[in-house]
Amino acid sequence: MPDHVWAPSQWAATVGEGDRPGPLALIAESSRRTPWLGTTSPQWYAVSAVDQSYTWLELPGREQTDGAEVVLSPDGRMVGYFLAGDPARDDAQSDVVGYAVYDAVTGQVHQRRVPTERGLAPFALTWSPDSRRLVVSYGQYRRQLGSAAWGDTVAWDPRNGNVTDLDVRNLDTGTGSGLGGVTTSVDDGSGVLVIDPDTGRTHLLRLATDPDDRNGSYFDYAFVNPAGTMIAARGELPTGPRSSTTGLRAGELDGDRIPELRLLSKRWQVNRVLGWMDDNTVLTEAHPRGGDGLRYVAHDVRSGESRPVIGHTDPPHRWLQPFFAQDLLRRPFVEGAPPPSPWHPWWGWAVALPILLLGAFLVRRTRGRARP
């Protein structure tokens with residue numbers, strides 16, 4: 001995992017189906033120029049875990065709608081996304097017809113289409129902790145404009161096509177992992193549901209704040225450490241009678257006892273919990289409370305100390321944040337190398353064309369003088 005991330009050049013290489021960049025350290029979104037002069041559009045790019053090369057991702061059939069996220073598996077090998085197509089009816093409200101996975105090691109793309117008349121409503125995507133299954137939550141659009149029924153949540157193994165129905169109607173976007181499964185917040189936010197992606201079984205894990213802490217309790221992005229002894233989650237932190245923000249909370253797991261999660265630091269407002277770097281250190285995406293500037297911050301749950309560990313230049317759009325290969329977070333970071341800045345291909349013509357014209361003019365002039 002590099003300790004610094006840049007946005008790639010507009011003219012960096014593009015990888016798609018059949019290309020094999022190898023395991024990825026992260027994927028993120030940034031603006032890229034389109035063929036139309038002066039226009040840009042958001043596109044996903046990848047940073048290789050092998051050589052830190054930066055490439056734009058060309059994901060075949062990807063749904064381009066804002067909010068249709070792209071997710072990276074913990075081992076950095078697989079990229080999951082929602083699939084666009086043509087629903088059965090002409091009055092479809094969405095062109096989402098399934099989901100797909102791009103394998104960065106083999107270059108293969110695996111797709112699964114879901115029967116739909118008016119299109120699917122994409123709710124959430126995440127990966128199982130072992131990177132074997134893509135967990136997908138979606139709804140089916142009804143006849144009424146803009147309404148989608150609570151739909152299905154499934155775990156799909158793209159290697160063999162096996163699909164397991166999960167006993168949860170909708171996967172919250174604030175997902176995490178641990179205890180052998182995927183975690184998602186429950187409706188009232190007072191705990192998390194641990195979902196086994198192999199069997200579909202669920203287990204409700206209630207969480208609580210310290211009894212002396214009068215702050216409210218709402219939890220999401222819950223991650224359990226590799227040893228299964230600690231849990232960390234984003235929790236609500238009221239800042240006034242009618243206002244609140246979010247902070248990082250952590251607590252010990254002890255049998256059937258409800259874990260009490262204490263606030264680790266008031267310095268950082270947490271957007272996402274990204275995973276455990278080791279049994280005592282949690283990585284979050286956060287910004288200083290009362291200030292600006294996105295940071296990727298490591299928090300020691302024992303000492304309470306925190307420090308930024310991943311820097312960035314020209315960060316991606318804030319509403320679609322980077323996804324890191326979680327398995328790499330437990331290994332030593334390497335010094336990030338800035339990507340090359342190749343010239344726009346038109347610059348070559350802009351330089352070469354005048355030289356060619358001048359050369360042609362001089363040759364013609366020289367021949368003219370040589371005539372008797």
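Colleague: Which residues does Ile27 touch, not counting residues up to four places away in sequence?

Modeller: In this predicted model, Ile27 touches Trp44, Tyr45, Ala46, Leu57, Val70, Val71, Leu72, Val79, Pro322 and Phe323, with residues up to four places away in sequence left out of the list. Ile27 is also named, together with Tyr99, Tyr102 and Leu134, among the residues with the most contacts inside the largest nonpolar core, which has 55 residues. Apart from that core lies another, of 15 residues, among them Phe223, Leu264, Trp268 and Val282.

Colleague: Why is Ser177 called buried?

Modeller: The cut-off for a buried residue is a relative accessible area under 20%, and Ser177 has 12%, so Ser177 counts as buried. Ser177 is found in strand β14, residues 176-178, and, leaving aside neighbours within four places in sequence, Ser177 is in contact with Pro129, Val182, Thr183, Ala222, Phe223, Val224 and Gln326. Over the whole chain of 372 residues, 48% count as buried.

Colleague: What makes Asp198 and Arg133 a salt bridge?

Modeller: A salt bridge needs a side-chain nitrogen of Lys or Arg within 4 Å of a carboxyl oxygen of Asp or Glu; the side chains of Asp198 and Arg133 meet at 3.0 Å, N to O, and the pair therefore satisfies the rule. Asp198 lies in the loop between β16 (191-195) and β17 (202-206), whereas Arg133 lies in the loop between β10 and β11 (134-140), so the pair ties together parts that are 65 residues apart in sequence.

Colleague: Are Asp198 and Arg133 buried or partly exposed, and what decides it?

Modeller: Partly exposed covers the range between under 20% and over 50% relative accessible area. Asp198, at 38%, therefore counts as partly exposed, while Arg133, at 7%, is buried.

Colleague: Why does the pair Arg330 and Asp327 count as a salt bridge?

Modeller: The N to O distance between the side chains of Arg330 and Asp327 is 3.8 Å, and since the limit is 4 Å, the pair is therefore counted. Arg330, with a relative accessible area of 43%, is partly exposed, and Asp327, at 29%, likewise counts as partly exposed. By this rule the count comes to ten salt bridges.

Colleague: Which residues are linked in a network of salt bridges?

Modeller: Asp130, Arg132, Arg133, Asp157 and Asp198 are linked in this way. Within the network, Asp130 forms a salt bridge with Arg132, the closest N and O atoms being 3.6 Å apart; Asp130 is partly exposed, with a relative accessible area of 41%, as is Arg132, with 32%.

Colleague: Why are β6 and β7 said to pair?

Modeller: Pairing requires at least two bridges between the strands, and β6 and β7 (residues 78-84) are joined over three bridges in the antiparallel sense, so the pairing is accepted. Val71 stands opposite Gly80 in β7. These strands belong to an open antiparallel sheet of four strands in the order β6-β7-β8-β9.

Colleague: What makes β6 and β9 the edge strands?

Modeller: The strands β6 (70-72) and β9 (109-113) each pair on one side only. Neighbouring strands of this sheet are turned by 20° against each other on average, direction ignored.

Colleague: How do you know that β18 and β22 pair, and in which sense?

Modeller: Strand β18 (residues 208-209) and β22 are connected over two bridges in the parallel sense, and because at least two are required, the condition is met. Ala208 stands opposite Glu260 in β22. Strand β22 (residues 260-263) has a covered face, formed by Leu261 and Leu263, and an uncovered one, formed by Glu260 and Arg262.

Terms used. Residues numbered from 1 in each chain as written. Predicted model: local features only at pLDDT ≥ 70, side-chain atom pairs only at ≥ 80, totals over all residues. Heavy atoms only, no water. Axes fitted to C-alpha atoms, helices over the stretch in contact; angles between N-to-C directions. Core = buried A, V, L, I, M, F, W, Y, C linked by side-chain atoms within 4.5 Å. Buried < 20%, exposed > 50% of the residue type's maximum accessible area, 1.4 Å probe, protein only. Contact = heavy atoms within 4.5 Å.
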